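Welcome! Please take a moment to look at the sequence and the structure below before reading on.

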Amino acid sequence: MNEPEDPGGTPKRSKIVRKRGAKECGPEVGGGEDDFIPFFKPGYLRLYPEHCTNTDFKVFVESQDRQVKLGNKSPVYLNHIFTSEVKGVVALHRVNANKIAVVFKQYNTANNFITNTEFLTKHNLKAHIPAAQIEKTGIIRYVPTNISNKELYTKLSSIYEIISVRRFMKKVGQSTVGLETVSITFLSNVLPDNIQYDLFSFRVFEYVPPLQQCFRCFKFNHPAKICNSKQRCSICAGEHNYRDCDKKEILCCVNCNGPHLAISKTCPIKVKKILEKKGNITYASVANTIKTSDFPSLPAQSSSFVKTQPISQNVNKLNKHVNNVNKTVPEPNLNQTQLKAQIANNKNILMAMVQTLVELGNKTDNEPVTTLFIKDLLLKICHNNG
């Protein structure tokens, strides 16, 4: 279903409700609006746990006054106040104009700094541990909407402590309805494979947050409130607000100059950013990456020989090709038609290629997919099949 778009904002879509309201929801079973309020661990303060595997313990610090750009302060000033008044600091880094990162080597000194209200009040600062340092969010699917977030928090059990439960929501007309997808935040750097609801086990998938787009300049990965760029029009790309645009019949994207709104889901730049964020790769891109020229020429053999030929010999030839050895394999020159025919007749290589495509399609980590990565994966599968 096509989602309606507002020229001055993001497309309307399903999202996680971010409202930090009361910690308690309505009845534990129902499906009413109160049941969908995100539920957080009561009294939770983000601190580094004792079992934390971090090597550096970062704390983000910024001024309580939004007009004060702490990241642009003099290094001399910052060094002075943090080395003379705070124990355990080993490094200071600029995060952006508003924020710096204070680095500790011990989790307890980082936690002590978070609770050092005397220092923070004196310099009008606020400090927090970045969520990515100690928390990980996953999603579970097919959760009945008559189960409230509070009940899920109460009954779900995991090898890692659960910090919050949020249900994905969708705008339908003038009302908001809950979906069957729920996000779970864990006090851990990694996700569990599964999470239990009494005897029932839910598989946990990694949550990929939606791509953030600025409503001011319409670039990506930052909000409008910290944007220092000029106001741009999401309709014609001019330097004005879209409400003041007098060229609404001429569409021009700020990012790619294409004939569409800057917030359009069809923008190739936006599509690329979304794929990079998700770490996904389509079968089409895999097919474009694997070319016939990536494989060494195969000798013409009878069908009986192909069936009995050890796969290790083909692996050796592939290794020579992948490592770019400046030697020519003494194989007859074949045109592409002959090469494709010989690959199609070799069931071992065909099966390895199919398994490689399946592995790439099921890939869930963030390791970049390059030609070399695909070749290494193909060689590994060939070796295992041998």
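Here is a short tour of this model, sorted by topic.

Keep in mind that this is a predicted model. The mean pLDDT of the protein is 77, and 71% of its residues reach 70 or more.

**Where confidence is low**
- Residues 10–30 have a pLDDT under 50 throughout, and the model gives them 60 contacts beyond four places in sequence.
- A further stretch, residues 280–312, also has pLDDT below 50, with 50 contacts in the model beyond near neighbours in sequence.

**Strands that pair around E10**
- Strand E10 covers residues 175–186 and runs antiparallel to strand E7, residues 136–140.
- Five bridges join E7 and E10, and you can look for Thr137 opposite Thr185 of E10.
- Strand E9, residues 162–172, also pairs with E10 in the antiparallel sense, this time over nine bridges.
- To find your way along E9 and E10, look for Met169, whose bridge partner in E10 is Gly178.
- E9 and E10 form a hairpin with two residues between the strands, and here Gly173 takes a positive phi near 65 degrees.

**A nonpolar patch on the surface**
- Three residues, Met351, Val354 and Val358, make up a nonpolar surface patch.
- Together, Met351, Val354 and Val358 have about 250 Å² of accessible area.
- Val354 sits in helix H11, which spans residues 347–361.
- Val354 counts as partly exposed because its relative accessibility is 46%, and partly exposed covers the range between 20% and 50%.

Notes: Residues numbered from 1 in each chain as written. Predicted model: local features only at pLDDT ≥ 70, side-chain atom pairs only at ≥ 80, totals over all residues. Heavy atoms only, no water. Patch = residues over 30% accessible without salt bridge, like charges linked within 9 Å, V, L, I, M, F, W, Y side chains within 5 Å. Areas by Shrake-Rupley, 256 points an atom, 1.4 Å probe, with all protein chains shown as cover. Salt bridge = Lys/Arg side-chain N within 4 Å of Asp/Glu carboxyl O. Helix = DSSP H or I, 4+ residues; strand = E, 2+ residues; numbered from the N terminus. Buried < 20%, exposed > 50% of the residue type's maximum accessible area, 1.4 Å probe, protein only. Pairing = 2+ DSSP bridges. pLDDT = per-residue confidence, 0-100. Contact = heavy atoms within 4.5 Å.
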